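Me: I would like to go through this structure by question and answer. Please give the reasoning briefly and finish each reply on the item asked for.

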Amino acid sequence: PVSLRTFPRDAEVVVFAEIYDRRGNTPHAVDVVTTVRSDEGAVLFEDADERSSAELKGASGGYGHTVRVPMAQLEPGRYVLTLEARSRLGHTASRSVPFEVAN
């Protein structure tokens, strides 16, 4: 997480995450979902991506994941961005970061 958590409405926030997968030798997929929720819990933005363990060529390693979130589609207020990685082998990791959109 970064220290700047208040963004103007004309900004585009770029989220980058590294997702580590230690099961590279077992073929599987990893679903990566990024959501932005309002204080009330409504989903206002969602991006889904699927990564294949074939990218790791049988080794343990990680996937780089980037998503762009336009602030223009959000009203001024408080939100929570959550990035969740779900391996189809049954492992899940997530990180949530609160942020604010300024007037």
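Me: Which residues form one aromatic cluster?
Reply: The model is a predicted one, and the structure holds two aromatic pairs. One pair joins Phe-7 and Phe-99, and the other joins Tyr-79 and Phe-99. The residues of the one aromatic cluster are Phe-7, Tyr-79 and Phe-99.

Me: Is the pair of Phe-7 and Phe-99 stacked or edge-to-face?
Reply: The ring centres of Phe-7 and Phe-99 are 6.1 Å apart, and their planes stand at 65 degrees. Planes over 60 degrees apart count as edge-to-face. The pair of Phe-7 and Phe-99 is therefore edge-to-face.

Me: How many residues apart in sequence are the parts that this pair ties together?
Reply: Phe-7 belongs to strand S1 and Phe-99 to strand S7. Both Phe-7 and Phe-99 are buried. Because the two lie in these strands, the pair ties together parts whose separation in sequence is 92 residues.

Me: Is the pair of Tyr-79 and Phe-99 stacked or edge-to-face?
Reply: Tyr-79 is in strand S6 and Phe-99 in strand S7, 20 residues apart, and the pair links distant parts of the chain. Both residues are buried. Their ring centres are 5.7 Å apart and their planes are at 25 degrees, so the pair is stacked.

Me: Which strands are the edge strands of the open sheet?
Reply: The protein chain has zero helices and seven strands. Five strands form the open sheet, in the order S1-S7-S6-S3-S4 and with mixed pairing. Each edge strand pairs on one side only, and these strands are S1 (6-7) and S4 (43-52).

Me: How many bridges join S3 to S6?
Reply: Strand S3 covers residues 29-38 and strand S6 covers residues 77-87. Val-30 has Ser-87 in S6 as its bridge partner. The two strands run antiparallel, and the number of bridges joining them is nine.

Me: Which residue in the turn between S6 and S7 has a positive phi?
Reply: S6 pairs with strand S7 (residues 92-101) in the antiparallel sense over 10 bridges. Along this pairing, Ala-85 has Ala-93 as its bridge partner in S7, and Leu-83 stands opposite Arg-95. S6 and S7 form a hairpin with four residues between them, and the turn residue with a positive phi, about 105 degrees, is Gly-90.

Me: Does Val-33 count as buried or exposed?
Reply: Val-33 has its place in strand S3. Leaving out neighbours within four places in sequence, its contacts include Asp-47, Ala-48, Leu-83 and Arg-86. The C-alpha atoms of Val-33 and Arg-86 are 8.4 Å apart, although 53 residues separate the two in sequence. The relative accessibility of Val-33 is 14%, and since buried means under 20%, Val-33 counts as buried.

Me: What is the relative accessible area of Thr-34?
Reply: Thr-34 is found in strand S3. Not counting residues up to four places away in sequence, Thr-34 touches Phe-45, Glu-46, Asp-47, His-65, Val-67, Leu-81, Thr-82 and Leu-83. Thr-34 is buried, and its relative accessible area is 0%.

Me: Which residue's side chain does a polar contact of 2.9 Å join to that of Thr-82?
Reply: Thr-82 is found in strand S6 and is buried, at a relative accessible area of 18%. Beyond four places in sequence, Thr-82 touches Val-33, Thr-34, Thr-35, Arg-95 and Ser-96. The side chain that the 2.9 Å polar contact joins to Thr-82 is that of Ser-96.

Me: Which strands each supply at least two residues of the largest nonpolar core?
Reply: In soluble globular proteins, nonpolar side chains tend to be buried together. The largest nonpolar core here has 20 residues, and Val-15, Val-36, Val-69, Met-71, Leu-74 and Phe-99 touch the most other members. Leaving aside neighbours within four places, the contacts of Met-71 include Phe-7, Val-13, Phe-99 and Val-101. The strands that each supply at least two residues of this core are S2 (12-21), S3, S5 (61-70), S6 and S7.

Me: What share of the contacts between residues at least 6 apart in sequence joins residues at least 24 apart?
Reply: The elements of the protein chain run β-β-β-β-β-β-β from the N terminus on. Of its 103 residues, 35% count as buried. Among contacts between residues at least 6 apart in sequence, the share joining residues at least 24 apart is 64%.

Note on methods. Residues are numbered from 1 along each chain as its sequence is written. This is a predicted model: local features need pLDDT of at least 70, side-chain atom pairs count only at pLDDT 80 or more; totals for chains, interfaces and linings use all residues. Side-chain values use heavy atoms; hydrogens and water are left out. Two strands pair if DSSP finds at least two bridges between them. A nonpolar core is a set of buried Ala, Val, Leu, Ile, Met, Phe, Trp, Tyr and Cys residues joined through side-chain atoms within 4.5 Å. Buried means under 20% relative accessible area, exposed over 50%, partly exposed in between (1.4 Å probe, protein chains only). Contact means heavy atoms within 4.5 Å. A polar contact is a pair of N or O atoms within 3.5 Å; within protein, one must be able to donate a hydrogen and the other to accept it, and residues adjacent in sequence count only if both atoms are side-chain atoms. Rings of Phe, Tyr and Trp (its six-membered ring) pair if their centres lie within 6.5 Å; planes under 30 degrees apart count as stacked, over 60 as edge-to-face and the rest as tilted.
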